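Student: Could we go through this one together, step by step? I'd like to start from a single residue and work outwards.

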Amino acid sequence: MRRLVNRWLVCLFTASGLFTASSLLTASGLVAAFVPLPVAAHGERATEPYIRTRTVHWYDVTWSSGSIAANDEITVAGKFRLFSDWPDAASLPDLVFLSNGSPGAVLTRVESYISGIPARQSARGLKTGKDYTFKLVMKGRVPGKWHLHPVLNVHGAGAIVGPGAWVEVTGKQSDYKEPLTTMTGVKIDDLQTYGVARAQMWHFGYGVLALLWLLWWLRRPLIIPRWLVTQKGREDLLITSTDDKVAAALLVTVLLVVIIGYKQTVEEFPNVVPLQAGFVKVPVPPNVPEAASIEVKNAEYDVPGRSLRMDVVITNNTDRPIRVGEFMTAQLRFINKDLPAAVESIDPSFPKDLLAGAGLKVGSDSPIAPGESRSTTLDATDAAWEVERLVSFLSNVDSRVGGLVFFYNDQGERHMSEISGAVVPVFTQLGSKVSTKAPEILNARVD
Amino acid sequence: MDSDVCKLRIGPFNMHFAGYQPKANGNTEFCEDIPATGNTIIVMDAIDSELRNIPIEVRLIEDTGDKSLDEGTADGSQLNSVTMLHLPSKIYETGSIPIEFNFTHAGKYVGLVTAGDKGQYTSRFPFSVGIEKTSYGIYVLVAGVILLGLGFYKYAGRARGMSRPQGEQG
């Protein structure tokens with residue numbers, strides 16, 4: 001008797017533990033599902049720096065508006081360069097899919113293009129070292145303020161997120177409609193709700209059958225008595241002939257539901273298009289000679305100064321003098337503020353938090369003559385290196401950094417070149433006075 | 001930075017705090033506690049861009065336990081007497097505030113950051129230098145593994161005993 005009581009207690013505790021755990025899981029799931037939690041952004045900073053600095057460089061990205069009404073459209077367009085110094089640890093962009101980054105279906109993607117080709121399917125044929133245009137047409141659905149990025153999903157490398165801008169969707173969610181007329185002329189008022197009742201009917205129907213089947217067995221004595229019966233070798237007592245009949249009836253019912261349901265669905269929808277799993281082929285853009293070649297002689301990241309300093313040799317391959325206007329990596333733009341053409345290149349819709357405050361300091365900033373090779377320094381300093389979590393390239397097995405450098409000639413024409421090289425961390429001395437528990441105030445020198 | 005544990009809140013804004021001891025630990029980043037005395041670099045980075053446009057003042061003080069220092073009710077001379085380093089109010093366009101300081105003795109310290117034209121936003125971040133904290137995590141893990149093995153051994157022995165026909169020994 002005592003042993004039996006102990007077993008029941010074990011069962012009780014186990015069941016209560018499982019119930020508590022499942023309740024917590026269910027509760028947390030319900031909270032996640034129904035309680036709107038604030039979303040600041042969606043993890044673009046979590047991507048490894050070697051991916052963000054050396055794979056897809058998005059540039060000239062614009063957002064057609066910062067605020068749209070629900071059911072209105074917004075266009076995100078621009079270009080991306082598939083970096084030549086693509087890291088070995090990431091798969092090459094042989095198979096890609098262009099999409100958007102936003103917190104759930106708050107905006108819906110209605111059109112997408114790579115180099116003018118509809119990109120609703122995955123795309124092949126893209127090559128590193130080449131530039132491609134892209135366009136995303138999005139439609140506002142859920143009112144709120146959302147961070148909207150272009151995203152290139154590279155098979156084997158993951159989602160490579162472009163710059164994000166805040167877009168406000170105003171109005172009511174009920175304003176959003178997605179009407180459609182199918183190839184056979186069937187008019188669908190709103191794709192959001194099309195077929196939902198049918199899906200719910202099937203789920204609910206099968207749920208009822210499953211519940212009845214469970215209840216059929218749960219009404220009996222459960223674990224311990226059945227275990228005792230099996231211990232005594234009398235399994236034959238556990239399943240009755242009525243159980244056999246119920247099981248057979250349920251089997252027949254389920255199979256009939258499947259067969260009749262299939263027949264009715266086929267009759268109602270005789271023409272169906274299978275889910276498309278193919279891809280589009282994007283033509284390779286023609287070779288464009290590099291306007292300026294850049295050789296990195298030395299690159300170091302000053303950890304306390306939050307500064308990437310590069311010693312470079314720039315060779316002007318054009319027939320006009322050029323100046324360095326911008327260094328861009330991982331969506332961060334370091335603008336040479338002494339060059340008006342570079343400052344004017346900033347589109348008003350571009351996110352301000354991706355523009356480095358101090359800009360780019362160019363050691364020798366005078367125009368580089370045609371054919372001239374100039375040794376100079378590029379100094380990109382900003383807290384964004386840390387805030388954007390870009391400095392873990394210092395602890396990678398492949399400590400390299402890459403980006404794009406934009407040049408402007410005397411006529412304001414822009415040229416672009418890639419820059420990449422190994423980078424080492426350094427700690428510059430800030431020169432503050434050393435204190436030995438000094439009672440007086442010490443004014444430290446700060447870079 | 002969204003789940004950054006080294007985050008300072010200054011009024012409505014956020015900053016990231018990092019400490020380095022390059023000679024002792026390379027470019028390893030510390031958050032709240034600096035492991036050893038010696039030359040230390042502390043960098044605070046503006047997470048919110050608004051902090052780049054307002055003046056920021058920084059003080060490193062000894063943690064004397066005086067609450068008036070934390071609450072900002074202490075007078076100037078009282079604050080100065082425990083101040084070890086002071087960066088006057090200034091706008092940091094790059095968003096970074098680097099500080100280099102040589103901590104010669106272990107102890108508890110406090111960083112006081114004041115931001116805004118009128119110094120309306122203040123943040124206090126306590127940290128320790130050279131105070132070792134014993135980590136019991138590894139011991140708990142080892143004890144857990146041993147207990148698990150013992151439990152399994154006991155359970156297995158009991159289950160084997162129950163499965164034997166009555167009267168069988170050994």
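Student: Which residues does Leu378(A) touch, not counting those up to four places away in sequence?

Tutor: Happy to help! This is a predicted model, in which local features need pLDDT of at least 70, side-chain atom pairs count only at pLDDT 80 or more, and totals for chains, interfaces and linings use all residues. Residues are numbered from 1 along each chain as its sequence is written, while chains are lettered from A and ligands numbered from 1 in the order in which they are written. Taking contact as C-beta atoms, placed from the backbone, within 7 Å, the partners of Leu378(A) are Met310(A), Val312(A), Val324(A), Phe327(A), Leu360(A) and Val362(A).

Student: Which residues have the most contacts inside the largest nonpolar core?

Tutor: A nonpolar core is a set of buried Ala, Val, Leu, Ile, Met, Phe, Trp, Tyr and Cys residues joined through C-beta atoms within 7 Å; buried means 20 or more other C-beta atoms within 10 Å of a residue's own. The largest such core has 70 residues. Those with the most contacts inside it are Leu378(A), Val405(A), Met15(B) and Ile97(B).

Student: Which strand gives the largest share of this core?

Tutor: Strands here are DSSP runs (E, at least two residues), numbered from the N terminus. The largest share is 6 residues, and they come from chain A, residues 400-409: strand E21.

Student: What distance separates the centres of domain 1 and domain 3 of chain A?

Tutor: Domain bounds come from an automatic or database domain assignment, which puts domain 1 of chain A at 44-177 and domain 3 at 292-426. Taken over C-alpha atoms, their centres are separated by 24 Å.

Key
Buried ≥ 20, exposed ≤ 12 C-beta atoms within 10 Å, placed from the backbone. Helix = DSSP H or I, 4+ residues; strand = E, 2+ residues; numbered from the N terminus. Contact = placed C-beta atoms within 7 Å.
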